[in-house]
Amino acid sequence: MKKLFSKHLLADQDIEQLIGIQLRAGVVTASIIVLIGGILYLIQSGGSLLPSYAHFGGEKAELTSFSAIWQAVIHFRAKGIITLGVVILMATPLLRIMFSLVGFAIEKDRMYVLITLFVLMVMAFSIFGGLKV
Amino acid sequence: MTILTFTLLLIAGAYLAGLVGSLTGLGGGVVIIPLLTLVFHVDIRYAIGAALLASIANSSGAASAYVKEGITNIRLGMFLEIATTVGAVVGAIVAVYTPVNTIAILFGIILLFSAVMTIRKKNHEVLLQGSPAAAKLKLNNSYPTAKGPVNYQLKNVGAGFGIMTVAGVFSGLLGIGSGALKVLAMDSTMRIPFKVSTTTSNFMIGVTATASAIVYLQRGYMDAGIAFPVVLGVLGGAFTGSKLLSKIDAKVLKYIFCVAIVFVAAEMMFNGFNHKF
């Protein structure tokens, strides 16, 4: 039961180590980018008055698609850089699912390959499913 | 208030949220939402977006350590993620049609439930004979202890799966990790040893939160100006908390926190019923 991987390729502990490192790397990368964007944001508009967060204006928000976020990053806009960090933070668990998928595939565990694929499909649905209301 | 003042105050608040959240095992999201809505008067929808990010950061950070130790049951986590991700997407869709005051009241109820779950007796017993379904799904496993690996089996797979779906819906609807519901499903229903159920729950929270966070991002709930202090503050707090955990007795803290949570829950529900959101 402990073996997630066949002995020939990778040991169970190896994939667990790998997932552990991947999760940590994702969180560290995301927080560094968020920090850079945040410092830039404070330099650019730290002295301005706070926008009214009590009134929700989410529907009109700009940084809601990947292309818009990327455009903002290229133009070195602080909020875009922060949002890029946020996207990397969200990509970390997604990448973790893909790592597990590879692991189950190497172990030829068909049931868990299907289970993992299903979870990935749900994630894909929430990314591409046109849920932007 | 200037953006600088708000940012510094929020970093301090989020740091405390991450610290207390990791010491009590409740995660940062539970503190972030009341902090943003009750103290800073931020719209609850922005607060939900920020809390989801806090949950992802917390989960990925903590899980990286647990996975390496081999306590987390990866198969169990993946199997139950079917339930939580479907639930989370449904919850995120339903959230659009749910009045904010209703969300506040539901949040209060979940807070009260979390407080009860935190102080209840934990399941440390190992189940030696599980159900056939658990064996078929290869969910039985072992975990390392000081005395060597301990084998465990589990039962009530269907009921656990059902509670997990509900946990996912609440996670998507309220922006929290639903750790209390996840532990209820694994610990009390499926009879999984406490250490395995908490670490596996923690491992799953990141995926559950991401499933709905993507929907919220596309809807503009994730404001960079709020996300930045929250992510950094919660991460810093959780990091400090994990260092402190072995040095201090978190038991007293847990009781104090539970009392505080009951007050916050009451305030959220009171404001919700009076349409203050």
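**Figure 1. Close-up of A:Phe76, an exposed residue of chain A in the predicted model.** A:Phe76 has a relative accessible area of 53%, and because the limit for an exposed residue is over 50%, A:Phe76 is classed as exposed. The coordinates shown here and in the following views belong to a predicted model. A:Phe76 is located in the loop of chain A that runs between helix H2 (66–74) and helix H3 (78–106). Its phi angle is positive, near 60°, in a residue other than glycine.

**Figure 2. Close-up of B:Asn156, a residue of chain B with a positive phi.** The phi of B:Asn156 is about 55°, although the residue is not a glycine. B:Asn156 belongs to the loop between strand E2 (148–152) and H7 of chain B. With 39% relative accessibility, B:Asn156 is partly exposed.

**Figure 3. Salt bridge between B:Asp223 and A:Lys79.** Side chains of opposite charge can pair when their charged atoms come close. The structure contains six salt bridges over all chains. In the one shown here, the side chains of B:Asp223 and A:Lys79 meet at 3.7 Å, N to O. B:Asp223 sits in the loop between helix H9 (194–218) and H10 of chain B, whereas A:Lys79 sits in helix H3 of chain A, so this pair joins two chains. B:Asp223 is buried, with a relative accessible area of 15%, while A:Lys79 is partly exposed, with a relative accessible area of 29%.

**Figure 4. Salt bridge between A:Glu107 and B:Arg75, and the network that includes both residues.** The side chains of A:Glu107 and B:Arg75 meet at 2.6 Å, N to O. A:Glu107 lies in the loop between H3 and H4 of chain A and B:Arg75 lies in helix H4 of chain B, so this pair also joins two chains. A:Glu107 is partly exposed at 22% relative accessibility; B:Arg75 is buried at 7%.

**Figure 5. Salt bridge between B:Asp43 and B:Arg45 within chain B.** The two side chains meet at 3.0 Å, N to O. B:Asp43 has a relative accessible area of 10% and is buried. B:Arg45, with a relative accessible area of 25%, is partly exposed. Elsewhere, and as a complement to Figure 4, salt bridges with shared partners join A:Glu107, A:Asp109, B:Arg75 and B:Lys138 into one network.

**Figure 6. B:Val42 and B:Phe277, two residues of chain B separated in sequence.** The two residues are 235 residues apart in sequence, and their C-alpha atoms are 9.3 Å apart in space. B:Val42 is placed in the loop between helix H2 (29–39) and helix H3 (44–69) of chain B. With a relative accessibility of 3%, B:Val42 is buried.

**Figure 7. Nonpolar surface patch formed by residues of chains A and B.** The patch consists of A:Phe118, A:Met121, B:Val86, B:Val90 and B:Val94, which together have about 390 Å² of accessible area. Helix H4 (110–128) of chain A and helix H4 (74–97) of chain B each supply at least two of its residues. H4(B) makes the greatest contribution, with three residues. One of the patch residues, B:Val90, is found in helix H4 of chain B. B:Val90 is partly exposed, at 39% relative accessibility, and therefore passes the patch cut-off of over 30%.

**Figure 8. Positive surface patch formed by residues of chains A and B.** The members of this patch are A:Arg24, B:Lys68, B:Lys243 and B:Lys247. B:Lys243 is located in helix H10 (residues 224–244) of chain B. Its relative accessible area of 49% makes B:Lys243 partly exposed.

**Figure 9. Predicted confidence in chain B and in the complex.** Chain B has an average pLDDT of 88, and 100% of its residues score at least 70. Among the elements of chain B, helix H7 (residues 157–174) has the highest mean pLDDT, 94, and helix H11 (residues 250–273) the lowest, 85. For the complex, the predictor gives an ipTM of 0.87 and a pTM of 0.88. Where pLDDT is low, predicted coordinates should not be read in detail.

Definitions and conventions
Residues are numbered from 1 along each chain as its sequence is written. Chains are lettered from A and ligands numbered from 1 in the order in which they are written. This is a predicted model: local features need pLDDT of at least 70, side-chain atom pairs count only at pLDDT 80 or more; totals for chains, interfaces and linings use all residues. Side-chain values use heavy atoms; hydrogens and water are left out. Patches are made of residues with over 30% relative accessible area and no salt bridge: like charges are joined within 9 Å, nonpolar side chains (Val, Leu, Ile, Met, Phe, Trp, Tyr) within 5 Å. Accessible areas come from the Shrake-Rupley method with a 1.4 Å probe; for residues, only the protein chains shown count as cover. Lys and Arg count as positive and Asp and Glu as negative; His and the chain ends are not counted. The place of a charge is taken as NZ of Lys, CZ of Arg, CG of Asp or CD of Glu. Helices (H or I, at least four residues) and strands (E, at least two) are DSSP runs, numbered from the N terminus. Buried means under 20% relative accessible area, exposed over 50%, partly exposed in between (1.4 Å probe, protein chains only). pLDDT is the predictor's confidence in each residue, from 0 to 100.
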